[in-house]
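Let's take a friendly walk through a protein model, one stop at a time. Have the sequence and the 3D view ready as you read.

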Amino acid sequence: MKKGSKIFNVLGLMLMSTLIVSCNENISNNKNDEIKIGITLYRQDDTFISSISSNLEEISKENGDNFNKNIVLEFVDAKASTINQGNQVDKFIKQDYDVICVNLVDRTAAATIIDKAKSANIPVIFFNREPVEEDMNRWDKIYYVGAQAEQSARLQADIVAEEWLSNKNYYDKNKDGKIQYVMIEGEPGHQDTLIRTEYCIKALNEMGFQLEKLADDTANWQSDQANSKMNQWIKEFGDDIEVVFSNNDVMALGAIYAINSNSNIIRKPIVVGVDGIKEAIESIKIRDMTGTVISDANAQAQAIWDIAINLANGISLEDVIGSEREKYKKIPHTKVTIDNINELSNE
Ligand code: GAL
Ligand code: CA
């Protein structure tokens, strides 16, 4: 039975890869007629990551015809396992892919992938989960596409400051002039977790606000974990929570769900997230979430595409990343609150 399911998996994989082949139906075995881009995702079920991949597929559909070559985009899901991801990269190398795009499971473990790719001379574009600088310096054909984490934190701070000042009597529940807050963090060690957590508080301090942390903990980018943390904190602090900072939107939504279903909350706190996913925009419209900061999945996908296509065609990267020697492309953010939501949704 085991053997049977293996065969089924192999067949399933073959079918999947065939479906993803874009452009021309006549796949040629001649490598020069084909560009193969392999993409391994840390978890395909992550909302923001799946939005990067659907944008990439869309871009490939729209632009694939501009080249006289078949463009193959193959997405694989590492399911949060470094071992899976290593095997997926091995497979891309063995099958002579032109470019490998890696959304690392463990951002501190890029070295093995880089070294293997280097010996096969296949460039690597890391995205969303940034390798440490030492690893980025292991070879010159590696790139990173991501967002400007410090800016997202500072924009979150702006949203909190504006909302707080617009109705200080309401939000400063205990009238001590300070902001009592809880912080819901993403995965430990992720650059966006570390930077967003630090800089939203730093930015508010720089603006002259005094803050008091009631609690902080990781919810690993996940809504259900954030929901149970928030329920626990509401039990512990009752209605004393004045602001909820969340490193991303799905966790903010989990917290909002806890706030809305808890009768201990009399005045709703300010809640801010990051990413700008559809559900967060809806939540802002009904004034549940105070605001979010858009991480532009489309612009990030476009950067990955541009770098990959240029590398595969031997075209200079200067137009995409500024200079030939640059390795980083970090996309800026936009903040969203009830004040500008209509302009953005009409775009
Ligand atoms: C962050 C994003 C999170 C999650 C994470 C995955 O940039 O805000 O929602 O997708 O990346 O690495
Ligand atoms: Ca207070």
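A good place to begin is with the aromatic rings: the structure, which is a predicted model, holds 4 aromatic pairs. One of them joins Tyr-144 and Tyr-328, whose ring centres are 6.3 Å apart; their planes meet at 65°, so this pair is edge-to-face. Where do these two residues sit along the chain? Tyr-144 belongs to strand β5 (residues 142–147) and Tyr-328 to strand β11 (residues 328–331), so the pair ties together parts that are 184 residues apart in sequence. The surroundings of each can be described too: Tyr-144 counts as buried because its relative accessibility is 1%, while Tyr-328 is partly exposed, with a relative accessible area of 24%.

Next, look at Tyr-170 and Tyr-171. Their ring centres lie 5.0 Å apart and their planes stand at 90°, so this pair is edge-to-face. Is each ring's residue buried or exposed, or in between? Tyr-170 counts as partly exposed, at 32% relative accessibility, and Tyr-171 counts as buried, at 9%.

Tyr-170 has a further partner. The charged end of Arg-267 sits over the ring of Tyr-170, 5.5 Å from its centre. Elsewhere, Arg-129 lies over the face of Tyr-42, at 3.7 Å from the ring centre.

Now turn to the calcium ion (ligand 2). Which protein atoms are its donors? Asp-172 (OD), Asn-174 (OD1), Asp-176 (OD), Lys-178 (O), Gln-180 (OE1) and Glu-242, which appears twice through OE, lie 2.3 to 2.5 Å from the calcium ion. If you follow these donor residues along the sequence, their spacing reads D-x1-N-x1-D-x1-K-x1-Q-x61-E. Two of the donor residues show how the surroundings can be described here: Asn-174 is partly exposed, with a relative accessible area of 42%, whereas Gln-180 is buried, with a relative accessible area of 4%.

The last stop is inside the protein. The count comes to 1 cavity of 30 Å³ or more, and about 40 Å³ of space lies in the largest cavity. Its lining is made by Phe-48, Asn-128, Tyr-144, Gly-146, Ala-147, Gln-191, Asp-192, Ser-295 and Gln-300. Two elements, β5 and α8 (191–206), give two or more residues to that lining, and β5 contributes the largest share, 3 residues. By character, the lining residues divide into 3 nonpolar, 5 polar and 1 charged. Here we meet Tyr-144 again: this residue of the cavity lining is also part of the edge-to-face pair with Tyr-328.

Methods
Residues are numbered from 1 along each chain as its sequence is written. Chains are lettered from A and ligands numbered from 1 in the order in which they are written. This is a predicted model: local features need pLDDT of at least 70, side-chain atom pairs count only at pLDDT 80 or more; totals for chains, interfaces and linings use all residues. Side-chain values use heavy atoms; hydrogens and water are left out. Rings of Phe, Tyr and Trp (its six-membered ring) pair if their centres lie within 6.5 Å; planes under 30 degrees apart count as stacked, over 60 as edge-to-face and the rest as tilted. Helices (H or I, at least four residues) and strands (E, at least two) are DSSP runs, numbered from the N terminus. Buried means under 20% relative accessible area, exposed over 50%, partly exposed in between (1.4 Å probe, protein chains only). A charge sits over a ring if NZ of Lys or CZ of Arg is within 6 Å of the ring centre and within 35 degrees of the ring normal. Donors are N, O and S atoms within 2.8 Å of the metal (3.2 Å for Na, K and Ca); water is not among the atoms, so sites may look incomplete. On a 1 Å grid over the protein atoms alone, a cavity is a set of points where a 1.4 Å probe fits but cannot get out, and a pocket is an open set with protein on both sides within 12 Å along at least five of seven lines; lining residues have an atom within 4 Å of a point. Grid points are joined across faces, edges and corners, and a volume is the space filled by probe spheres set on the points. Ala, Val, Leu, Ile, Met, Phe, Trp, Tyr, Cys and Pro count as nonpolar, Asp, Glu, Lys and Arg as charged, and the others, Gly among them, as polar.
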